[in-house]
Amino acid sequence: MLTGKIALVTGAGRGIGREIALVLAANGATVIVNYNGSKESAEAVAAEIVQKGGSAEAIQCNVSDFAASEAFVKQVLDKYKKVDILVNNAGVTRDNLIMRMTEEDYDTVLDTNLKGAFHMIRHLSRSFIKQRGGKIINISSVSGVLGNAGQANYSASKAGLIGLTKSVAREFASRGVNVNAVAPGFIDTDMTKNMTEDAKKTLSSMIPMGKMGSTKNIADLVLFLAGDGSDYITGQVICVDGGMCI
Ligand SMILES: NC(=O)c1ccc[n+]([C@@H]2O[C@H](COP(=O)([O-])OP(=O)(O)OC[C@H]3O[C@@H](n4cnc5c(N)ncnc54)[C@H](O)[C@@H]3O)[C@@H](O)[C@H]2O)c1
């Protein structure tokens with residue numbers, strides 16, 4: 001159980017982040033439901049948690065903004081005094097073949113997926129080190145492990161997240177802070193609905209189990225990594241992908 005733990009999940013208003021927020025809360029954590037899109041969706045997630053007897057608050061922050069992330073972390077620490085579990089889930093895609101990819105497509109994806117995680121870890125690092133314990137879980141992707149045609153920006157951001165995970169895991173290992181990455185395969189969410197048909201086809205043909213995964217498949221692993229069961233696991237990249245990365 002995660003009773004007494006404070007969990008912060010970025011981009012938790014829908015999809016995988018929403019499921020992670022619900023599962024962590026169902027297991028006793030107080031959850032900060034971060035969002036940068038729809039306020040209504042994020043507040044609905046928090047309300048659902050509270051209605052089920054849990055504790056949650058929706059807070060807006062664009063994690064790709066260094067200063068805004070710093071203010072967000074300060075707001076959370078002022079109120080909750082600590083963060084035990086940080087899940088860097090916020091992510092975007094701007095798929096295109098490299099020859100057609102604009103600088104803006106590249107920067108937006110890197111700024112959100114990779115720099116966003118850096119901002120959150122950076123601003124919470126003092127707190128994590130001081131409390132000598134905690135779990136950081138970065139949501140990467142099989143695209144960061146294998147690469148994917150049409151997703152050069154996204155794959156670069158998710159591969160970068162793996163490097164970030166391993167380096168911070170080494171920095172924090174002696175302080176009892178575990179840092180791991182989860183690499184989802186092809187999961188049924190709004191994000192995959194937006195993928196080009198070509199990218200979908202390429203990915204589907206690569207799944208040995210022959211089917212898409214669910215948001216629950218990802219949240220169940222995050223729950224394990226957030227709890228005591230993962231105390232001796234750090235710097236790992238765990239694929240939840242129906243065998244894509246075998
Ligand atoms: N769906 C998949 O198949 C799949 C596969 C591999 C990895 N992932 C990763 O899982 C994570 C969640 O994906 P999803 O499928 O639920 O997508 P989604 O688009 O449904 O959710 C992403 C969430 O991130 C939020 N977000 C975007 N930019 C943000 C910002 N700057 N600040 C704060 N929040 C921001 C969005 O508002 C949204 O709520 C992403 O990091 C994604 O890359 C998804």
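Contact means heavy atoms within 4.5 Å. The model is predicted: local features need pLDDT of at least 70, side-chain atom pairs count only at pLDDT 80 or more, and totals for chains, interfaces and linings use all residues. Residues are numbered from 1 along each chain as its sequence is written, and side-chain values use heavy atoms, with hydrogens and water left out.

**Exercise 1. Place Thr93 and list its contacts.**

Step 1. Find the segment. Thr93 sits in the loop between β4 (85-88) and α4. Helices (H or I, at least four residues) and strands (E, at least two) are DSSP runs, numbered from the N terminus.

Step 2. Check the exposure. Buried means under 20% relative accessible area, exposed over 50%, partly exposed in between (1.4 Å probe, protein chains only). Thr93 has 17% relative accessibility, so Thr93 counts as buried.

Step 3. Read off the contacts. Leaving out residues up to four places away in sequence, Thr93 touches Val109, Gln151, Tyr154 and Met191.

**Exercise 2. Do the same for Ile49.**

Step 1. Ile49 belongs to helix α2 (residues 39-51).

Step 2. Its relative accessible area is 4%, so Ile49 is buried.

Step 3. Beyond residues up to four places away in sequence, Ile49 touches several residues, among them Ala21, Leu22, Val31 and Gly54.

Step 4. Compare sequence with space. Ile49 and Ala26 are 23 residues apart in sequence, and their C-alpha atoms are 7.5 Å apart.

**Exercise 3. Describe strand β6 and its neighbours.**

Step 1. Strand β6 spans residues 177-184, and 8 of its 8 residues are buried.

Step 2. Sort the faces. In a regular strand the side chains alternate between the two faces of the sheet. In β6, Val177, Val179, Ala181 and Ala183 lie on one side, with Asn178, Asn180, Val182 and Pro184 on the other; all are buried.

Step 3. Find the partners. Two strands pair if DSSP finds at least two bridges between them. Strand β5 (residues 134-139) runs parallel to β6, joined by 6 bridges. Ile139 has Val182 in β6 as its bridge partner. Strand β7 (residues 237-240) also runs parallel to β6, with 4 bridges. Here Ala183 stands opposite Cys239.

**Exercise 4. Trace the salt bridges of Glu48 and Glu57.**

Step 1. Set the rule. A salt bridge is a side-chain nitrogen of Lys or Arg within 4 Å of a carboxyl oxygen of Asp or Glu. Side chains of opposite charge can pair when their charged atoms come close. The whole structure holds 9 salt bridges.

Step 2. Take Glu48. Its salt bridge is with Arg18, and the closest N and O atoms are 3.1 Å apart. Glu48 is in helix α2 and Arg18 in helix α1 (residues 15-26), so the pair links distant parts of the chain, 30 residues apart. Glu48 is partly exposed at 22% relative accessibility. Arg18 is partly exposed at 28%.

Step 3. Take Glu57. Its salt bridge is with Lys79, again with the closest N and O atoms 3.1 Å apart. Glu57 lies in strand β3 (residues 55-60) and Lys79 in helix α3 (residues 66-80), so the pair ties together parts 22 residues apart in sequence. Glu57 is partly exposed, with a relative accessible area of 22%. Lys79 counts as exposed at 54%.

**Exercise 5. Examine the salt bridge of Lys82.**

Step 1. Lys82 meets Asp84 in a salt bridge (3.1 Å, N to O).

Step 2. Lys82 is partly exposed, at a relative accessible area of 26%. Asp84 counts as buried, at 10% relative accessibility.
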